[in-house]
Amino acid sequence: MTVDIRVIRAGQMYRYYLRETVVGDGRRPARTPLREAQEQAGVPAGRWMGRGLAVLGLAPGEEVTEQQLWNLFGERGRHPYADRIEADRLAKGDSPQKAFKAGALGRQVTVTSVDFVFRPQPTIYLLWALGDEETRRVIEAAHERAIELVLEWIEDEVAVIRYGKDGVYRVRPPGGLVAARFRHYEARSGRPLLHDHLLLSVKGQRLDGKWGSIHTTALHENTVAASALYNELVAAEVCEALGLATEPRTVTRGAGR
């Protein structure tokens, strides 16, 4: 598959992602600020995505800061600006407990996000690796748009918030979801490989304004469909832009059969 998924938990796993994944699969030097480490690794800053950003005071394409990452993914699902919210409430005379609660997005969670990894199918990423600057630009643009459309599909058709006793009630997050996207240009082995990590927050807001948790099982069950949709979108845009065509692949029986 060209789309993989992994659950991220607060604590050690989150710290691993902060040390390595958000800086291009390279170990981040100790005490190096996030943006500086990304520049040293030759990867761009992370960018926010998803329709759920508006209610949090964020905008699509806005740079992801280390403090925002820590609040939403490392602090068990708090508001990306939780530190500001808490400081403001303390300044207004709220108790520490009340100020802390003001920066929360519902209940604290152990699983804070899922990591979707998007990579083009081999024929396209090889074309990207060996192509000229214009070819690479076209493929990267198609790759990025396909991720945006897959995220929209997840928001509209897949993601559900479970609530009530034993999660008996299920509802789509009407305001959408929140995700942080990180672009990589190499595999861990060092070979050229265009791919993006999409850290999708499990926090979603219901119609009543309360925050709940996205059911991760539904995300896992639809990973194959997400991969197929992503492949179709990338291939269609790349072929149209570069004047290429796809051919159906015929699977033949092995010689020993």
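What follows is a chat about how some labels for this predicted model were arrived at.

Me: Let's start with the sheets. What makes β1 and β2 edge strands in the five-stranded sheet?

Reply: The sheet is open, with its strands in the order β1-β3-β7-β6-β2 and antiparallel pairing. β1 (3-9) and β2 (47-49) each have a single partner strand, so one side of each is left without a neighbour in the sheet. On average, neighbouring strands here are turned by 25° against each other, ignoring direction.

Me: And how do you know that β1 and β3 count as paired?

Reply: Pairing takes at least two bridges between two strands. β1 and β3 (residues 111-118) have seven, in the antiparallel sense, so they pass that cut-off. If you want a spot to look at, Ile5 sits opposite Phe116 of β3.

Me: Which helices lie against that sheet?

Reply: Helix α1 (residues 12-19) lies across β1, β3 and β7 (192-201), and runs at about 125° to β1. Helix α7 (residues 133-158) packs on the sheet too, touching β2, β3, β6 (179-186) and β7, and its direction makes about 25° with that of β7.

Me: Why are α6 and α7 called oblique?

Reply: Go by the angle. Helix α6 (residues 122-130) and α7 pack at about 140°, with their axes 8 Å apart. Roughly antiparallel needs over 145, roughly perpendicular runs from 65 to 115, and roughly parallel is under 35. The angle of about 140° fits none of those, and α6 and α7 are therefore oblique to each other. Their crossing is left-handed.

Me: What makes up the contact between α6 and α7?

Reply: From α6 you get Ile124, Leu127, Trp128 and Ala129, and from α7 it's Thr135, Arg136, Ile139 and Glu140. By class, that contact splits into five nonpolar, one polar and two charged residues. Arg and Glu count as charged, so Arg136 and Glu140 are the charged pair of names in that list.

Me: What is the contact of α7 with α9 like?

Reply: α7 and helix α9 (residues 223-242) pack at about 145°, their axes 9 Å apart, and the crossing is right-handed. Among the residues that meet are Ile139, Ala142, Leu149 and Trp153 in α7 and Leu229, Tyr230, Leu233 and Val238 in α9. The contact has 18 nonpolar, two polar and two charged residues.

Me: Back to strands. Which ones are at the edges of the four-stranded sheet?

Reply: This open sheet has the order β5-β4-β9-β8, again with antiparallel pairing. Its edge strands are β5 (169-171) and β8 (203-205), each pairing on one side only. The twist averages 45° from one strand to the next.

Me: How do you know that β4 and β5 pair?

Reply: Same test: β4 (residues 161-163) and β5 share three antiparallel bridges, and at least two are needed, so they count as a pair. Tyr163 has Tyr169 of β5 as its bridge partner.

Me: Last one. Why is the contact of Asp156 with Arg51 called a salt bridge?

Reply: Side chains of opposite charge can pair when their charged atoms come close. The closest N and O atoms of Asp156 and Arg51 are 2.5 Å apart; the cut-off is 4 Å, so the label applies. The two come from distant parts of the chain: Asp156 is in helix α7 and Arg51 in the loop between β2 and α3 (66-74), 105 residues apart. By this rule, the count comes to 18 salt bridges.

Definitions and conventions
Residues are numbered from 1 along each chain as its sequence is written. This is a predicted model: local features need pLDDT of at least 70, side-chain atom pairs count only at pLDDT 80 or more; totals for chains, interfaces and linings use all residues. Side-chain values use heavy atoms; hydrogens and water are left out. Axes are lines fitted to C-alpha atoms, for helices over the stretch in contact, and angles run from 0 to 180 degrees between N-to-C directions. Contact means heavy atoms within 4.5 Å. A crossing is left-handed if the near helix is turned anticlockwise from the far one by less than a right angle, and right-handed if clockwise. A salt bridge is a side-chain nitrogen of Lys or Arg within 4 Å of a carboxyl oxygen of Asp or Glu.
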